[in-house]
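Here is a short walk through one protein model. Keep the sequence and the coordinates open while reading.

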Amino acid sequence: QVQLVETGGGLVQAGGSLRLSCVVSGGTFSRLVMGWFRQAPGKEHEFVADISWSGATTDYARFAEGRFAVTRDNSKNTVYLEMNNLYIEDTAVYYCAARTIGTTRNFGDYQYWGQGAQVTVSS
């Protein structure tokens, strides 16, 4: 069974940076499209970014464009989310997720989920 384990969450001041990592096991990592979602208190899951199986294509939510970068290293079965110039509004639990090639970015198409990483941005 595919499993995703996230690390890298924590506290950061507004304007700072943080990098999340997600290690995938139990499947062929290169066959999976990887994505990141976040959930702020009292809100629904929100798409952040995703990256194709080859790493050639990435997509970002509007709030993430120019600030966040998603990358993957297929030799290490790992996907990353680099977050820069963080705002207080970025405070949320961030989830790594995986879907098979050919599916959409819809929330329901992501079959596998990490445990979540708390990111708290302070003033």
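What follows goes from a sheet to a disulfide, and then to some single residues. The model is predicted.

Start with the sheet. It is open and has 4 strands, in the order 1-3-8-7. The pairing is antiparallel. Strand 1 (3-7) and strand 7 (68-73) are the edge strands. Each of these two pairs on one side only. From one strand to the next, the twist averages 15°.

Now take the pairings in turn. Strand 1 and strand 3 are joined over 5 bridges, in the antiparallel sense. Where does Leu-4 find its opposite residue? Leu-4 stands opposite Val-24, which belongs to strand 3. Strand 3 also pairs with strand 8, again in the antiparallel sense, and here there are 6 bridges. Leu-18 has Met-83 of strand 8 as its bridge partner.

Ser-21 gives a view of the surroundings of strand 3. This serine lies in that strand. Is Ser-21 buried or exposed? Its relative accessible area is 13%, under the 20% cut-off, so Ser-21 is buried. Leave aside its neighbours within four places in sequence, and Ser-21 is in contact with Val-5, Glu-6, Thr-7, Trp-36, Thr-78, Val-79 and Tyr-80. Some of these names can be placed directly. Strand 1 covers 3-7, and Val-5, Glu-6 and Thr-7 are among the contacts of Ser-21. Strand 8 covers 78-83, and the contacts of Ser-21 also include Thr-78, Val-79 and Tyr-80. Strand 3 sits between strands 1 and 8 in the sheet order 1-3-8-7.

Next comes the disulfide. How many does a search of the whole structure find? The search finds 1. The link joins Cys-22 to Cys-96, with an S to S distance of 2.2 Å. The angle about the S-S bond is -85°, and the link is left-handed. Why does this pair tie together parts far along the chain from each other, 74 residues apart in sequence? Cys-22 lies in strand 3 (residues 18-25) and Cys-96 lies in strand 9 (residues 92-100), so the bond ties together parts with that separation. Both Cys-22 and Cys-96 are buried.

Now turn to the loops. Most residues other than glycine have a negative phi. Two asparagines are worth checking against that background. Asn-77 is not a glycine, yet has a positive phi of about 55°. Asn-77 lies in the loop between strand 7 and strand 8. With 27% relative accessibility, this residue counts as partly exposed. Asn-85 is not a glycine either, and has a positive phi of about 50°. Asn-85 belongs to the loop between strand 8 and strand 9. Its relative accessible area is 37%, so Asn-85 is partly exposed.

Tyr-87 is also placed in the loop between strand 8 and strand 9. Tyr-87 is partly exposed, at 38% relative accessibility. Which residues does Tyr-87 touch, not counting those up to four places away in sequence? They are Arg-67 and Val-121. For a sense of distance, take Tyr-87 and Ala-49. The two are 38 residues apart in sequence. In space they are 17 Å apart, C-alpha to C-alpha.

Strand 3 is a good place to end. Strand 3 pairs with strand 1 and with strand 8. Strand 3 also holds Ser-21 and Cys-22.

Key
Residues numbered from 1 in each chain as written. Predicted model: local features only at pLDDT ≥ 70, side-chain atom pairs only at ≥ 80, totals over all residues. Heavy atoms only, no water. Disulfide = S-S within 2.5 Å. Buried < 20%, exposed > 50% of the residue type's maximum accessible area, 1.4 Å probe, protein only. Pairing = 2+ DSSP bridges. Axes fitted to C-alpha atoms, helices over the stretch in contact; angles between N-to-C directions. Contact = heavy atoms within 4.5 Å.
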